[in-house]
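Ready to look at some strands and how they line up with one another? Have the structure open and follow along.

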Amino acid sequence: MMTRVKAVNGRSGHDMEKRSISRRGIISLGAAALMLSSCQSLFSTAYQSSLKPSDNPQTVEEVQKNDPRAQMGAREHPRIVASYGGEYHDEKTERLVARITGALTAVSENPQQSYRITILNSPAINAFALPGGYLYVTRGLLALANDASEVAAVLSHEMGHVTANHGIERQRREEAEVIASRVVAEVLSSDLAGKQALARGKLRLAAFSRQQELQADVIGVRMLGEAGYDPYASPRFLDSMAAYARFTSADPDSDQSLDFLSSHPNTPQRIELAKRHARAFGQEGQVGDKGRDWFLTGIDGLLYGDSPQEGYVRGNTFLHGNLGIRFDVPEGFQIDNKVEAVLATGPGDMAIRFDGVADPKQTSLPNYLTSGWVAGLLPDTVREIQVNGLPAATARASADKWDFDVTVIRVGDQIFRFLTAVPKGSAQLETVANLLRSSFRKMTPAEISALKPLRVRVVTVKPGETVASLAARMMGTDRKLELFRVLNALSTTAAIEPGQRVKIISE
């Protein structure tokens with residue numbers, strides 16, 4: 001059965017921006033330190049989509065008609081898509097993923113099973129499945145892979161869960177949790193605890209038991225080999241994911257690389273098991289097609305890192321072209337652009353959170369600060385200020401072991417919020433908060449027009465070029481050589497040769 005990637009009509013940038021701001025909910029300052037560190041939120045904002053026509057349409061309704069189990073996946077699909085930033089639409093990339101999935105479908109143990117594969121618009125490295133043939137892969141995972149067999153290894157593993165009906169058992173276990181999460185969400189609204197409960201539900205949605213993971217490994221390796229792909233791709237790509245996890249560990253609060261590894265345990269025994277089953281098809285390096293050239297052609301131009309709807313991180317600067325704003329974090333801080341907020345962590349347990357809320361009523365900023373959304377606010381510290389010509393207000397707060405500076409700045413009908421947290425009694429609060437808010441300003445039209453997203457660019461190595469010279473062309477990171485090696489699965493001693501195709505990150 002031919003596998004189709006579903007395409008959804010996109011929203012305008014303005015509409016998406018309203019959505020981005022609206023989902024950055026109010027937090028309780030008393031739990032701010034926890035929220036600043038590693039909160040992963042799942043928002044229940046309705047995600048509405050409309051399908052584009054295709055030459056051979058396979059709609060969700062058709063999938064459900066042929067497989068009643070797909071109703072389970074259909075219920076969760078909008079929530080998954082919304083929580084991962086929507087669907088990623090690029091005709092070339094969609095054809096690539098459809099080609100890989102189609103080859104696997106042809107050798108499935110259940111040829112009657114139809115699949116809906118969705119590319120999620122997220123830099124996270126993840127893939128998972130829902131009952132009824134709903135498969136998901138993030139563009140972040142595609143960017144890390146170096147050939148088609150590696151993506152096929154991930155997808156065949158997830159198809160193995162569908163084939164073995166693992167999702168049915170998991171769904172039964174989660175029924176009580178889903179009900180509990182809804183109650184928490186209704187009672188606590190956008191409070192931190194409610195978001196954490198929903199976040200836990202999202203992580204569990206992609207989690208299977210160890211035995212189920214091993215069973216899916218066996219099925220996946222068999223499908224890889226029978227589809228003609230390199231059956232050793234699975235352990236190879238697990239190594240790449242582990243290397244990327246080590247690369248991002250310089251920012252311990254960044255979870256973008258860890259989604260897949262956290263829900264798919266990576267152990268030496270598991271890798272050895274995959275290799276043992278792969279040996280049934282032949283010796284490593286002598287069997288199966290990696291599909292490297294056509295895969296690299298398919299991901300050339302793939303969006304990398306932050307999407308325009310969420311703004312960009314460039315070194316110590318956060319820029320958002322649609323909103324027309326920018327700010328800098330102090331030296332030594334590392335920015336993490338999450339879906340629900342921009343977080344930055346620095347030395348000495350210091351942390352920063354930035355988000356925004358709509359305020360069409362134009363509430364006075366001092367009144368907004370004291371309206372109850374900040375726990376532990378010290379009312380006598382509230383004062384009105386100007387930040388680069390923009391109306392603003394600041395206040396101090398104290399909770400548990402933390403001191404906070406809260407700064408709100410108005411731009412049009414939006415209120416942007418900075419929360420700076422330091423250990424109680426730290427003398428750094430005033431310095432960090434001043435540097436932060438003084439850097440906030442509106443972008444010029446020239447800056448907005450010059451701001452472009454980063455993309456995966458596939459280049460052919462020319463005579464005289466080296467790992468170092470190509471790595472120097474990388475953008476969006478200060479650790480260019482390290483990221484170049486990780487993205488191209490090159491060891492610290494590996495060299496490159498003329499004619500070889502490699503990935504770099506640039507505009």
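Below is a short tour of some strands and their partners in this predicted model.

## The seven-strand sheet

Let's begin with an open sheet of 7 strands, paired in the antiparallel sense. If you walk across the sheet, you meet the strands in the order 9-10-11-15-14-13-12. Which strands sit at the edges? They are strand 9 (334-337) and strand 12, and each of them pairs on one side only. From one strand to the next, the twist averages 25°.

A bit of background helps when you look at any sheet: in a regular strand, side chains alternate between the two faces of the sheet.

## A hairpin at one edge

Now zoom in on strand 12 (residues 383-387) and strand 13 (residues 390-399), an antiparallel pair held over 5 bridges. Val-387 has Leu-390 in strand 13 as its bridge partner. The two strands make a hairpin with 2 residues between them, and Asn-388 in that turn has a positive phi of about 50°.

## Strands 14 and 15

How many bridges join strand 14 to strand 15? There are 10 of them, linking residues 402-411 with residues 414-423, and the strands run antiparallel. To find your way around this pair, look for Val-408, which stands opposite Arg-417 in strand 15.

## Strands 17 and 18

Another pair to find is strand 17 (residues 454-460) with strand 18, again antiparallel, over 6 bridges. Here, Val-456 has Ile-505 in strand 18 as its bridge partner.

Is strand 18 (residues 501-506) mostly covered or mostly open? It's mostly covered, with 5 of its 6 residues buried.

Methods: Residues are numbered from 1 along each chain as its sequence is written. This is a predicted model: local features need pLDDT of at least 70, side-chain atom pairs count only at pLDDT 80 or more; totals for chains, interfaces and linings use all residues. Side-chain values use heavy atoms; hydrogens and water are left out. Buried means under 20% relative accessible area, exposed over 50%, partly exposed in between (1.4 Å probe, protein chains only). Helices (H or I, at least four residues) and strands (E, at least two) are DSSP runs, numbered from the N terminus. Two strands pair if DSSP finds at least two bridges between them. Axes are lines fitted to C-alpha atoms, for helices over the stretch in contact, and angles run from 0 to 180 degrees between N-to-C directions.
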